[in-house]
Amino acid sequence: MATIVSINTTKLIPKDDAVANAAIFEGNHPIVGDRVIEGDGTSQEAWQNWVGLQDLTQLEITKSFTPYQRVCIFAPHPDDEVLGCGGLLQQLAANGNPIVLIHVTNGTQSHPNSQIYSQESLNIIRPQESVKALEVLGVANQVTTMALNLADGNVFAQQDQFHQELSAIIQPEDILITTFINDGHPDHEATGQVVASFAKQQHLACYQVLIWAWHWAKPGDSRIPWHCAMRVN
Ligand SMILES: [Zn+2]
């Protein structure tokens with residue numbers, strides 16, 4: 001099951017100066033604040049036992065996604081599409097929606113000190129793994145993948161370029177799916193905020209998916225806007 005959040009508001013995107021200023025607030029990460037990814041995180045069992053998830057409104061794919069509508073899924077790193085909304089991908093494919101998967105970065109910073117995986121090899125391996133995962137999900141033939149090739153770990157600093165890329169890719173009736181604007185990883189937050197902001201500007205439907213939030217948040221966590229979240233069974 002995945003939970004997706006539909007929010008109509010966006011927050012200000014940190015620019016370099018704002019990030020530097022924010023860093024003076026003790027104990028908070030300069031970009032993600034108190035949404036820090038550390039330790040083992042909240043267990044799958046804890047989430048599954050939380051009745052609040054069952055109470056969420058169910059997203060009805062056939063009503064919210066007209067089959068002819070193109071769905072553009074933004075993954076900050078190759079794998080976020082599967083971790084965030086693998087089940088939704090399958091349901092959209094079954095519903096007949098054309099799907100475009102956009103890898104914002106190629107995830108080359110995932111093993112920074114590795115003697116085995118260089119940035120050059122990760123630049124090839126991680127997109128290949130995404131293709132394999134789409135094959136396992138049975139949707140590979142219905143998904144067109146694109147790569148924006150922004151620098152992994154630094155999406156906030158490339159938001160203007162990102163916005164320009166969106167203007168070239170997005171069509172008037174597209175539905176956008178992106179990471180939660182407060183997901184806790186700087187690239188995930190940057191991707192969520194740039195895409196959500198673009199969607200608001202262009203009056204497009206936009207859904208945000210939780211990925212790292214499952215790790216740092218607790219059931220019922222007030223930092224997640226559960227009142228506008230929906231579940232996908
Ligand atoms: Zn990621």
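# Helix packing, core and one strand residue

Reader: Is Thr145 buried, partly exposed or exposed in this model?

Author: In this predicted model, Thr145 has 18 other C-beta atoms within 10 Å. A residue counts as buried at 20 or more such atoms and as exposed at 12 or fewer. Because its count of 18 lies in between, Thr145 is partly exposed.

Reader: In which strand does Thr145 lie, and which residues does Thr145 touch when those up to four places away in sequence are not counted?

Author: Thr145 belongs to strand E5, which covers residues 143-150. His103 is 42 residues away from Thr145 in sequence, yet the two C-alpha atoms are 7.4 Å apart in space. Not counting residues up to four places away in sequence, the residues that Thr145 in strand E5 touches are Leu101, His103 and Ser130.

Reader: How is H5 oriented relative to H6?

Author: Two packed helices are described by the angle between their axes and the distance between the axes. For helix H5 (residues 80-95) and helix H6 (residues 119-137), the axes come within 11 Å and cross at roughly 30°. Angles under 35 degrees count as roughly parallel, and therefore H5 is, relative to H6, roughly parallel.

Reader: Which residues of H6 meet H5?

Author: The crossing of H5 with H6 is right-handed. From H5 come Glu81, Val82, Gly86, Leu89 and Gln90, and the residues they meet in H6 are Ser130, Ala133 and Leu137.

Reader: How many nonpolar, polar and charged residues does the contact of H7 with H8 have?

Author: Helix H7 (residues 159-169) packs against helix H8 (residues 186-202) at an angle of about 45°, and their axes are 10 Å apart; that angle makes H7 oblique to H8. On the H7 side the contact involves Gln159, Phe162, His163 and Leu166, which meet Ala190, Val194 and Phe198 in H8. Sorted by class, the contact of H7 with H8 has five nonpolar, two polar and no charged residues.

Reader: Which element gives the largest share of the largest nonpolar core?

Author: The largest nonpolar core has 44 residues, and those with the most contacts inside it include Ile73, Ile177 and Val195. Six residues of this core, its largest share, come from H8.

Reader: With which residues is Ala213 in contact, leaving aside neighbours within four places in sequence?

Author: Ala213 is among the residues with the most contacts inside the largest nonpolar core. Once its neighbours within four places in sequence are left aside, Ala213 is in contact with Phe180, Asp183, Gly184 and Ile224.

Technical notes: Residues are numbered from 1 along each chain as its sequence is written. This is a predicted model: local features need pLDDT of at least 70, side-chain atom pairs count only at pLDDT 80 or more; totals for chains, interfaces and linings use all residues. Axes are lines fitted to C-alpha atoms, for helices over the stretch in contact, and angles run from 0 to 180 degrees between N-to-C directions. Helices (H or I, at least four residues) and strands (E, at least two) are DSSP runs, numbered from the N terminus. Angles under 35 degrees count as roughly parallel, over 145 as roughly antiparallel, 65 to 115 as roughly perpendicular and the rest as oblique. Two residues are in contact if their C-beta atoms, placed from the backbone, lie within 7 Å. Ala, Val, Leu, Ile, Met, Phe, Trp, Tyr, Cys and Pro count as nonpolar, Asp, Glu, Lys and Arg as charged, and the others, Gly among them, as polar. A nonpolar core is a set of buried Ala, Val, Leu, Ile, Met, Phe, Trp, Tyr and Cys residues joined through C-beta atoms within 7 Å. A crossing is left-handed if the near helix is turned anticlockwise from the far one by less than a right angle, and right-handed if clockwise.
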